[in-house]
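Here's a quick tour of one model, taken a piece at a time. Have the structure open while you read.

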Amino acid sequence: MPTAPIAVTVPIPALTIAPARVTRGWGAIAQAGAELARLGKRPLIIGGDRSLAALLPPLQPILEQIGAKSTAANYLPDCCESSLERLRVAAKSHRADYMIGTGGGKALDAAKLVAHQLKIPIATIPSSGATCAAWTALSNVYSESGAFLYDVTLDRCPDLLILDYQLVLTAPTRTLVAGIGDAIAKWYEAAISSGRSEQTTIVAAVQSARVLRDLLLQKSAEAIAQPGGPLWQEVVDASVLMAGVIGGLGGAQCRTVAAHAIHNGLTHISASHGTLHGEKVALGILAQLRLEEMIQGSQLAAAARAQLLSFYEAIGLPRCLEDLGLGQMTLQDLKQAAELACHERSDIHHLPFPVSADQVMAALVSTLAPCRSSFSPDGGPIAAAPIYTGEEVTQP
Ligand SMILES: [Zn+2]
């Protein structure tokens, strides 16, 4: 007779899969009064210059209608220790009983982290499609000048997410393009870190990441050409919501790999500071594929890179350091970024082979190298290109 495994005493991590409630639609903010009233009466609204200017006009009348006393605070210069300290003081002096975060990534991360530290609820209202930060139980903390320092796992996903397409439409198209870059990274990283897992929820996360990638490869160019159109709306859902679902379902085991590690390294170069998270991550995907090509001789990675290069060109994601405005960076800066990407506890070490800073440098400067592949980037529609599986490929 089969016996049940003996209960183990090691801590069992909880999954934080999704916000408690998600409301979305055109004009969703105007209808969010009852949802917001559940959370409290004294919200502190955290955002950046652009997101606060776009959010407050539609939001304030709603807060007044439900009798809420709100005040707003800016998270700038960054989601950094000094801003977090200032925001905690602002929350306490307002006697805030919940938080509203608005922005693309960093402002949401700051609002979520302050709510987590003060143990009060939070509603997130993404003002662009740049990341899935409105969904996730994770905040990245940076230096005042924008260098990535560490991430913090939060107790739970936001209590409420309000996705109002009207607000997202006010953001520059470039932010959604960056969100697409961040979202497709889910597949290229999850396939490596968890592609061989047999755990049901992780299999679901990895396969969803593949579906997300296919959906974005097929719909993004048309979506960007028609902001506010039906396909645009689907791509916003993909970048803001579905990317979040994958992170939640995959949990701590469905880790990022080289693309985000390289992003983290690049944030330490001051010349990268005008660029968006998803733009650096997108370049990181190409560099990750280059590492698989150079170190493992992976033909599949070369074919995937060819496919992505033509996709990036179609939608305006950076294909090389020059596109990211880093063409003039010094060798020393490049070396520093690569060394940071390879630090001892970096997620880059989830690659199935050892990798050195020299190899990361070589990968970063050769993202446009000819793809030694039988699949031409111009050889047909993107959807017809081979499926990159992340599986190890033997040297020919
Ligand atoms: Zn990301």
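What follows covers the annotated span, the sheet and one helix of this predicted model.

## The annotated span

Let's start with the record. An unreviewed UniProt entry lists residues 19-164 as "domain: Alcohol dehydrogenase iron-type/glycerol dehydrogenase GldA". In the model, that span is 33% helix and 28% strand, and its end C-alpha atoms sit 16 Å apart.

## The sheet

Now for the strands. Six of them make an open, parallel sheet, and reading across it you get β1-β8-β5-β4-β2-β3. At the edges are β1 (21-25) and β3 (71-74), each with a pairing partner on one side only. Ignoring direction, neighbouring strands in this sheet are turned by 20° against each other on average.

Zoom in on the β3 edge. Its pairing with β2 (residues 43-47) is parallel and runs over four bridges. Look across from Ile45 and you'll find Ala72 in β3.

## Helix α4

Next up is α4, residues 106-118. Does its length fit, or not fit, what you'd expect of a helix? With 13 residues at 1.5 Å a residue, α4 should span 18 Å, and its end C-alpha atoms are indeed 18 Å apart, so the two agree.

How enclosed is α4? Ten of its 13 residues are buried, so the rest of the structure largely encloses this helix. The buried set is Lys106, Ala107, Leu108, Asp109, Ala110, Ala111, Lys112, Leu113, Val114 and Ala115. Just past the end of α4, Lys119 adopts a positive phi of about 55°.

How values were computed: Residues are numbered from 1 along each chain as its sequence is written. This is a predicted model: local features need pLDDT of at least 70, side-chain atom pairs count only at pLDDT 80 or more; totals for chains, interfaces and linings use all residues. Two strands pair if DSSP finds at least two bridges between them. Helices (H or I, at least four residues) and strands (E, at least two) are DSSP runs, numbered from the N terminus. Axes are lines fitted to C-alpha atoms, for helices over the stretch in contact, and angles run from 0 to 180 degrees between N-to-C directions. The expected span of a helix is 1.5 Å times one less than its number of residues. A residue is buried if 20 or more other C-beta atoms lie within 10 Å of its own, exposed if 12 or fewer, and partly exposed in between; C-beta atoms are placed from the backbone. UniProt positions are given in the numbering used here, feature names are shortened, and annotations may be inferred rather than shown by experiment.
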